[in-house]
Amino acid sequence: MKLLLVGEYREGRLLDTTAELLGFAAAIGGEASLFLVGSAEAVPAFSGSLYLADAKVYGEYNPEVHKQLLLKAVQEENPDLVVFIHSSYGWDLAPRVAASLKVAQVSEVIGFSGNAYEVGCCNAKMHRNVTPSTSKAVITIQAGAFPALQAEGTPVVKVLSTDSASTTEFIGYEPAEAKDVNLAKAEIVVSAGRGVGKKENIEVVRSLAKAIGGELGASRPVVDAGWIDHGHQVGSTGQTVTPKLYVACGISGSIQHLAGMKKSGFILAINKDKDAPIGEVADVLVVADLLQFVPALTAKLS
Amino acid sequence: MKILVCIKQVPDMESHFRPNGSATWFDESDLAFRMNEYDEYAVEEAVRLKEQLGGAPEITVLSIGPDRVIEAIKKALAIGCDCAVHIKEPDVASKEPWQIASIIAAYARSKQFDLVFTGMQSQDRGSAQVGVLVAELLGIPSTTTLVGFAWADGVVTATRELEGGVKSKVRLKTPALVTCQLGLNSPRYPTLPNIMKARKKEITTLQAGELSSEKPLTGSAAFRHPEKRGSGVVLEGSVDELVEKVLVILKDKTAVLR
């Protein structure tokens, strides 16, 4: 199998997730080449062909132009599989390439068996297998699903260029907001999720955090709803935490949330839904209404 | 100005899912359906733009599926969309992203929409493909994962959510398509008078098969509960019993409880 891996480059550097593309390539086997809109001055280590375009000329996010560059690499390399990370770059670019090639796309792959790709669905509560019916395919792999593998060697660089016109004008980046709450160093994090139901009920979770000596965390929906400040958000768009104890109160466990807390020492989850994906990483899943269980636990700890 | 909002109706994610007979997807019986959460942000953003422009734009809301999707359409009309297209497809679950996008593009192609809003993905299938595919099929620019949107003089300025809290700003000329991320705005609830008014709004019915006959590019199988990876225990029972059990476990397994 021939693979074309699509690396990511942002704010002047290669993103670490590129190593996961190599991990996937090693797992599935076959000959891999790498596509990158990056820098000719800092060519990444890689053994194989590197299709390289200059980000200074073509921009770091410029979907129409990156698509044209990638299609050139596809034409030259003729890969069976074009592999992206399922990220803001990958899910934006992959369907454009799949549409141009009119081949199947499988999104957010977490495993494979033959040419069937395992993916999550229904908010990651369920899994299924998706099989491309086209001989070539485009896939995006879930961040963290495959081991990172550091690249070695010196690539054979093939420089790409295009005179394709840009339809999207990149204005600039906005850095992450300063974190006024440092959850990363906390020994105990007690987080509130959508299951709290309403803003007033955050206090139930805050009281437990206080009684147990932990910091208050939150899942995305609670922050989006304005119930807790963004500084408390745990997950791929918030903070990554590794406390000795993580207590998830009414958090279903989206992939983005799990990415931010699954390496915690011990995970206690409280959820009404026995099938909630948080159960996949929890050491203990208490099937209960958090509004009843959490105050009762807090009372015992106080 | 003409705006199209594409919405999907999905099951409540707290439902207990069971595979259908062929295990290609879930069994629909006993499931309660609602508007895809990401699409609620798309509807809200379109209605806000209409309000910003003094009510001038006409917003069409589109949904594909069996008759149950009319409920989601009516909600979008009550929030402020002007008219609706229900594209009938009784077996919508068997249609994969390429086919769904082909149906939407076939409908939209001759309509000259200035802006198309969609959710960045559906909660059930989660492919994050349909919006971008529609734009590609229509040959218009698109951008994804919006947490900020502004429109002025035919130009969209979008804030995209990247990873690790970083965002980026991009500008694109209309006609264009944007896909909306959670948190883009605060979706409103329809008011009773608006629900009443929405009853008079027109819903056009079309047949999916008459718009596109594209074949699927992927097949689906083995819809299932994931194999449990951890060695975690599930505790059920009365609250008092649960608290006692949890305290014992926390004292035993963690060093953080004094």
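In this predicted model, chains A and B meet through 70 residues of chain A and 64 residues of chain B. The side of chain A that touches chain B comprises 31 nonpolar, 20 polar and 19 charged residues.

Strand pairing also links the two chains. Strand β17 of chain A, residues 284–287, pairs with strand β13 of chain B, residues 233–235. The pairing is parallel and runs over three bridges. Within it, A:V284 stands opposite B:V233.

A further link between the chains appears in a sheet. This open sheet has 10 strands and mixed pairing. Its order is β12(A)-β9(B)-β8(B)-β7(B)-β10(B)-β6(B)-β1(B)-β4(B)-β5(B)-β11(B). One edge is β12 of chain A, residues 168–174, and the other is β11 of chain B, residues 203–207. Each of these edge strands pairs on one side only. Neighbouring strands of the sheet are turned by 30° against each other on average, direction ignored.

Inside this sheet, strand β4 (residues 58–65) of chain B pairs with strand β5 (residues 83–88) of chain B. Six bridges hold this parallel pair. B:I64 of chain B has B:I87 of β5(B) opposite.

Two helices of chain B lie across strands. Helix α2, residues 70–79, lies across β1 (2–7), β4, β5 and β11 of chain B. Its direction is at about 165° to β4(B). Helix α4, residues 130–138, lies across β6 (115–119), β7 (142–152) and β10 (176–180) of chain B. Helix α4 runs at about 65° to β7(B).

B:F223 offers a local view of contacts between the chains. This residue is found in strand β12 of chain B, which covers residues 218–224. B:F223 has 21 C-beta neighbours inside 10 Å and therefore counts as buried. Residues up to four places away in sequence aside, B:F223 touches A:M126 and A:R128 of chain A. On chain B, B:F223 touches B:P19, B:A23, B:T24, B:W25 and B:F26. B:F17 is 206 residues away from B:F223 along the chain, yet their C-alpha atoms are separated by 9.6 Å.

In chain A, strand β6 spans residues 81–85 and is mostly covered. Five of its five residues are buried. A:L81, A:V83 and A:I85 point one way from the strand. A:V82 and A:F84 point the other way. Strand β6(A) has partners in β1 and β10 of chain A. Three bridges join β6(A) to β1, residues 2–6, in parallel. Five bridges join β6(A) to β10, residues 137–141, also in the parallel sense. A:L81 takes part in both pairings: A:L3 is its bridge partner, and A:A137 of β10(A) stands opposite.

Chain A also contains a packed pair of helices. Helix α5 (residues 202–212) and helix α8 (residues 290–301) have axes that come within 9 Å. The axes cross at roughly 25°, and the two helices are therefore roughly parallel to each other. The crossing is left-handed. On α5(A), the contact is made by A:V204, A:V205, A:S207, A:L208, A:A211 and A:I212. On α8(A), A:L291, A:V294, A:P295, A:L297, A:T298 and A:L301 make the contact. By class, the contact residues divide into 10 nonpolar, two polar and no charged.

Conventions: Residues are numbered from 1 along each chain as its sequence is written. Chains are lettered from A and ligands numbered from 1 in the order in which they are written. This is a predicted model: local features need pLDDT of at least 70, side-chain atom pairs count only at pLDDT 80 or more; totals for chains, interfaces and linings use all residues. Axes are lines fitted to C-alpha atoms, for helices over the stretch in contact, and angles run from 0 to 180 degrees between N-to-C directions. Helices (H or I, at least four residues) and strands (E, at least two) are DSSP runs, numbered from the N terminus. Angles under 35 degrees count as roughly parallel, over 145 as roughly antiparallel, 65 to 115 as roughly perpendicular and the rest as oblique. A crossing is left-handed if the near helix is turned anticlockwise from the far one by less than a right angle, and right-handed if clockwise. Two residues are in contact if their C-beta atoms, placed from the backbone, lie within 7 Å. Ala, Val, Leu, Ile, Met, Phe, Trp, Tyr, Cys and Pro count as nonpolar, Asp, Glu, Lys and Arg as charged, and the others, Gly among them, as polar. A residue is buried if 20 or more other C-beta atoms lie within 10 Å of its own, exposed if 12 or fewer, and partly exposed in between; C-beta atoms are placed from the backbone. Two strands pair if DSSP finds at least two bridges between them.
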